[in-house]
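User: Could you walk me through reading a structure like this one? I'd like the general idea behind each feature and then the case at hand.

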Amino acid sequence: MKYISLLLYLFLGLCRCSAAAQNSLENNGLQILRSAKDDKNEEEASKALVTVFDLPFTASAFVATDHQESRSNDVLGNCDRDGFDAQRTYDQTCQRVDLCHLGWTEPDEYLMYEFATDKNDFSWDPYEWDEKLLVTVIVRVASYNANRMVQLQIGNDMDAKEDWPTQIFTTPGRGYQAFQDVTWYNVRLNKDANRHQLFVKFLDGNVNLCSVTVKIPRIAPFRSPALDFDYYLDRDHVRFYNSEVCGVEREGLVDAQPTQDIICQKRDNSKCNIGWTFAGEYAYYDFEVLDSEDYRVWARIASERTDKTVRVELQVKENPRFDPLTYEPSSYEFAAPGLGWQEFVDVGFNIYLESGFHYRLRVAFDDGAVNLCSAGVDFMVHWGVGEYEIPITFNALNYDWALDSNPNEHRGNCPAEHQVANVDSKAAQDGTCLQSGPCYVAFTLPGEILRYDFSTAVNFSEPRQGPTGPMVDVILRIASFGANKHILVEVDGNRHVLEAPGKGWDEFEDVVWKNVQLRNTFYHQLYITMTTGYVNLCAITIQ
């Protein structure tokens, strides 16, 4: 009986082994068959799962597309970040991206962030710089010891690796929680490559990383909505913010509200303004200069107070790493206009800027209680310099910049040889208008804007001096059909509303804004905004 049981046990064991072996072979066969059949699909699916960022982006260190870590089985730190060595961060800027940062890095570990580019995303002609696209790369790092080397490199599938842009920098070494931005300016990308890979490689290790940013740099001239700042220092802990209109991206960083100013909305594409400012708060906007030219640096501000001031400051950076500012800033203080919280005016100064430097436009609320809707840098057109002197009368079609509601449509009977781009115009019949030119601006709609750059020459004849410079009268020759049609006029931080006579489309009259205080500078900009529209404008006189 014992032998029969033993034989039966061995037989059943062999059957189980046979079945298991067959099962294993069948499973392996299915896996091999599936691998051979779906290899291409799995590869495509894998590619589809790869994180690819769109410009601009700011990413936590832990959402890299790929990475290499030396100690994959030994995870350090008090944060759970999918196998990364991670530690809680105390840096407020880092906390806006992630509550933890990457730590305990070792030599030759790296992170890779893949991003896509489209040359249509760039605001300037990408062919200007040797058929390259430009981006700015910012990594926020910290280390205990100084001079730890980190390498940044951007590659693609079209260029040889030795041709990839590369930058090596050293860390500040102020402590493992003392994070600081390292900026790599004017990185040239191959315009024909749709995808690029940013590698952050820790050559020495012992460097902490909290975030990576790749963005399209501002190129002068530019106009930036106030909320598109690179950094804002907020002093109070109370938040006033309309996220429904202003968006959620800046919520928690700054106080903001929808703006009612037409120039802010139309010219500067600014839906919201910074408000409820406290003394000591400031915003800054970094930018690059490709053309060495004269520029106008400006900010558009409003306040109900006249006892407050704002400083518009230009700082210059020569070295794209940790070097401090290498030039004394150009700083100008301006009194708050005191016209109302939504009555915005431009304040600024003129300056010659050289290409090849990295600039920062800083708007500082030294006293608080001033709103900001936009800031920017424009080309300074020296219209009239050496050719005209005040008093001067010029035709309304001789503008330097215009915003028309229908720029591709031209209405009116102005002869073709006298038409100008973007503005509707009619042939003049009024004798005084004809002295300035054969046509006038017509068919205006609400929100359309004209800008005229002019100069007060050194030999400005018998100026009426005011507290900050000469005083002038601004005279507009305008017409409208019907009453209650208005024009908003701005110059050198002053603004005034003029009402059209309303006697007919060709019944022009002079409307005067007297004793306008100009700034003590040669160059000025006059803005005319059609607040109601339906006003014709034939000539402007400044005397």
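Here is a short dialogue about confidence, strands, buried residues, ring pairs and backbone oddities.

Analyst: Ground rules to start: this is a predicted model, where local features need pLDDT of at least 70, side-chain atom pairs count only at pLDDT 80 or more, and totals for chains, interfaces and linings use all residues. Residues are numbered from 1 along each chain as its sequence is written, and side-chain values use heavy atoms, with hydrogens and water left out.

User: What is the mean pLDDT of the chain?

Analyst: pLDDT is the predictor's confidence in each residue, from 0 to 100. Where it is low, the predicted coordinates should not be read in detail. Here the chain averages 83, and 83% of its residues reach 70 or more. Residues 42–48 fall below 50, and that stretch has 0 contacts beyond near neighbours in sequence (contact means heavy atoms within 4.5 Å). Residues 382–388 are also below 50, but there the model has 13 such contacts.

User: Now sheets. In what order do the strands of the open sheet with S25 and S32 run?

Analyst: Strands of a sheet pair through backbone hydrogen bonds, either parallel or antiparallel. Helices (H or I, at least four residues) and strands (E, at least two) are DSSP runs, numbered from the N terminus, and two strands pair if DSSP finds at least two bridges between them. In this case 5 strands line up as S25-S28-S34-S31-S32, with antiparallel pairing. S25 (401–403) and S32 sit at the edges, each pairing on one side only. On average, neighbouring strands are turned by 15 degrees against each other, direction ignored; axes are lines fitted to C-alpha atoms, for helices over the stretch in contact, and angles run from 0 to 180 degrees between N-to-C directions.

User: How many bridges join S31 to S34, and how many pair S31 with S32?

Analyst: S31 has 4 bridges to S34 (residues 523–530), one partner pair being Leu488 and Thr529. With S32 (residues 494–499), S31 makes 6 bridges, also antiparallel, and Val491 is matched with Asn494 there. Those two strands form a hairpin with 2 residues in between, and Asp492 in the turn has a positive phi of about 50 degrees. On the other side of the picture, S28 (residues 448–455) connects to S34 through 8 antiparallel bridges, with Leu450 opposite Ile528.

User: Is S31 mostly covered or mostly exposed?

Analyst: Buried means under 20% relative accessible area, exposed over 50%, partly exposed in between (1.4 Å probe, protein chains only). S31 (residues 486–491) is mostly covered, with 5 of its 6 residues buried.

User: What does Trp164 touch?

Analyst: Trp164 sits in the loop between S8 (149–155) and S9 (166–170), and at 14% relative accessible area this residue is buried. Beyond four places in sequence, its contacts are Gln153, Ile154, Gly155, Asn156, Asp159 and Phe199. Its side chain also reaches the backbone oxygen of Asp159 at 3.2 Å.

User: And which side chain does Asp91 meet in a polar contact?

Analyst: A polar contact is a pair of N or O atoms within 3.5 Å; within protein, one must be able to donate a hydrogen and the other to accept it, and residues adjacent in sequence count only if both atoms are side-chain atoms. Asp91's side chain meets that of Arg140 at 3.0 Å. Asp91 is in the loop between S4 (86–88) and helix H2 (92–95), and is buried at 12%.

User: Why does the Phe287–Tyr359 pair count as stacked?

Analyst: Rings of Phe, Tyr and Trp (its six-membered ring) pair if their centres lie within 6.5 Å; planes under 30 degrees apart count as stacked, over 60 as edge-to-face and the rest as tilted. The structure holds 19 aromatic pairs. Phe287 and Tyr359 have ring centres 5.5 Å apart and planes at 15 degrees, so they are stacked. Phe287 belongs to S17 (residues 281–288) and Tyr359 to S22 (residues 358–365), so the pair ties together parts 72 residues apart in sequence.

User: Which peptide bonds into Pro56 and Pro221 are worth a look?

Analyst: Most residues other than glycine have a negative phi, and most peptide bonds are trans. The Leu55 to Pro56 bond is cis, with omega near -15 degrees, and Ala220 to Pro221 is cis too, with omega about 0 degrees. As for phi, Trp276 has a positive value near 50 degrees, and Ala369 one near 60 degrees.
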